[in-house]
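Me: Hi! Could you walk me through this one? I'd like to start with what counts as a polar contact.

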Amino acid sequence: MRIPLIAGNWKMNNGVKEAQELASALSSMVGARPEIGQRVEVLLCPPFTSISAVATALGDSSIKLGAQNVHWEESGAFTGEISPAMLRELGCEYAIVGHSERRQYFEESDATINRRLRGAIKGGLKPIICVGETKEQRDQGRTEEILREQVSDGLVGLTEMDALKVTVAYEPLWAIGTGQAATPADANTAAAFIRHLLVETFSEDTAEQIRVQYGGSVKPGNIATFMGQPDIDGALVGGASLQADSFYRIAEGAVGGQ
Ligand code: PGA
């Protein structure tokens with residue numbers, strides 16, 4: 001039984017003050033509906049500089065905390081990077097790795113993403129690895145080829161025990177920030193293919209336990225249709241996670257859509 005994960009990726013938004021306000025509002029809204037916290041995991045991934053403020057604002061809320069990226073070493077001469085130990089110290093349980101914006105704008109490769117993912121696990125964090133094809137790759141019929149490459153290179157070197165800590169987020173690039181979400185059926189086809197790759201890489205039993213999220217223009221109005229799909233175990237939400245009301249309604253809709 002996979003507990004869905006509804007994660008808000010704030011990207012480069014919300015300094016300390018805004019982060020505090022948003023996290024406090026969400027904490028009260030989710031706190032008033034304990035069944036949400038029991039039936040789905042709700043996660044916030046603020047920018048590094050706001051993590052501490054969000055941790056304080058969340059207090060003992062059921063809402064979890066994560067980062068948007070992580071380095072593979074625990075410390076050292078890696079200017080501009082943040083280690084798993086530093087994130088754990090702030091109360092983070094999760095770290096996103098390989099978001100398409102990291103791949104696109106910061107030249108992250110499957111190799112660096114794999115190092116970050118393995119470093120996160122070694123450092124006690126649960127990684128969320130993002131994979132997905134561009135519009136051009138989809139039009140060329142290369143979706144499965146791209147997913148195969150990103151999943152196998154991104155997850156190389158993991159034991160089955162390690163793999164159980166991973167969440168895979170299927171995020172087709174053409175759906176991110178565009179308002180054009182994938183259809184639930186297409187998203188489920190991709191998620192099922194990812195699960196098939198996980199069976200090949202690990203085992204049926206392990207693959208059955210790994211969560212596969214969908215991300216790309218998830219909104220309160222479409223979350224239930226994604227959650228109704230058998231291979232989709234939650235959502236990675238960008239834009240709609242920046243307002244307390246819309247992110248709360250996504251978490252609420254995720255419970256209803258199960
Ligand atoms: P979006 O972003 O919800 O704004 O499309 C999703 C993401 O990038 O994770």
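Reply: Happy to. A polar contact here is a pair of N or O atoms within 3.5 Å; within protein, one must be able to donate a hydrogen and the other to accept it. Please keep in mind that this is a predicted model.

Me: Thanks. What does the side chain of His71 pair with, then?

Reply: A polar atom of the His71 side chain lies 3.0 Å from the backbone nitrogen of Glu73.

Me: Where is His71 placed, and is it buried or exposed?

Reply: His71 sits in the loop between β3 (64–67) and α4 (84–89). Its relative accessible area is 5%, so His71 is buried.

Me: And which residues does His71 touch further along the chain?

Reply: Not counting residues up to four places away in sequence, His71 touches Phe78, Glu81, Ile82, Pro84 and Arg116. Arg116 also appears among the buried residues of α6.

Me: Let's go to α6, then. How does its span compare with what we'd expect?

Reply: It agrees: α6 has 13 residues, which at 1.5 Å a residue should span 18 Å, and its end C-alpha atoms are 18 Å apart.

Me: Which residues of α6 are buried, and what covers them?

Reply: The buried ones are Asp110, Ile113, Asn114, Arg116, Leu117, Gly119, Ala120 and Ile121. Their cover includes α4, β4 (94–97), α5, β5 (126–131), α8 (143–154) and α9 (160–163).

Me: Why would residues three or four places apart in a helix point the same way?

Reply: An α-helix has 3.6 residues a turn, so residues with that spacing point the same way.

Me: Can you zoom in on Asn114? Which residues does it touch?

Reply: Asn114 belongs to helix α6 (residues 110–122), and its relative accessibility is 3%, so it counts as buried. Leaving out residues up to four places away in sequence, Asn114 touches Asp153, Gly154, Leu155 and Val156.

Me: Switching to the ligand. How many residues surround it, and which are the closest?

Reply: There are 13 residues around the ligand, and the closest are Lys11, His99, Glu171, Gly177 and Ser217. By class, that shell has four nonpolar, seven polar and two charged residues.

Me: Which polar pairings should I look at for the ligand's oxygen atoms?

Reply: One is with Glu171, where a side-chain N or O atom is 2.7 Å from an oxygen atom of the ligand. Two more involve the backbone: an N or O atom of Gly238 lies 2.8 Å from a ligand oxygen, and a polar backbone atom of Gly239 is also 2.8 Å from an oxygen atom of the ligand.

Me: How much of the ligand's accessible area does the protein cover?

Reply: On its own the ligand has 280 Å² of accessible area, and the protein covers 97% of that.

Me: Back to Gly239 for a second. How far is it from Trp10?

Reply: Trp10 and Gly239 are 229 residues apart in sequence, but their C-alpha atoms are 7.4 Å apart in space. Trp10 is in the loop between β1 and α1, and at 0% relative accessibility it counts as buried.

Me: What is Trp10 in contact with?

Reply: Outside its neighbours within four places in sequence, the contacts of Trp10 include Ala19, Leu22, Ala23, Leu44, Cys45, Pro46 and Pro47, along with Ser241 and Leu242.

Me: Which residues other than glycine have a positive phi?

Reply: Asn14 is one of them, with a phi of about 80 degrees. Asn14 is in the loop between β1 and α1 and is buried, with a relative accessible area of 14%. Glu107 is another, with phi near 50 degrees. Glu107 lies in the loop between α5 and α6 and is exposed at 70% relative accessible area.

Me: Last one: which residues are buried in α13, and what covers them?

Reply: In α13, the buried residues are Ala244, Ser246, Phe247, Tyr248, Ile250, Ala251, Gly253, Ala254 and Val255. What covers them includes β1 (5–9), α1 (16–31), α2 (34–39), β2 (41–45), α12 (223–227) and β8 (234–237).

Technical notes: Residues are numbered from 1 along each chain as its sequence is written. Side-chain values use heavy atoms; hydrogens and water are left out. Buried means under 20% relative accessible area, exposed over 50%, partly exposed in between (1.4 Å probe, protein chains only). Helices (H or I, at least four residues) and strands (E, at least two) are DSSP runs, numbered from the N terminus. Contact means heavy atoms within 4.5 Å. A residue is near a molecule or strand if one of its heavy atoms lies within 4 Å of it. Accessible areas come from the Shrake-Rupley method with a 1.4 Å probe; for residues, only the protein chains shown count as cover. Ala, Val, Leu, Ile, Met, Phe, Trp, Tyr, Cys and Pro count as nonpolar, Asp, Glu, Lys and Arg as charged, and the others, Gly among them, as polar. The expected span of a helix is 1.5 Å times one less than its number of residues.
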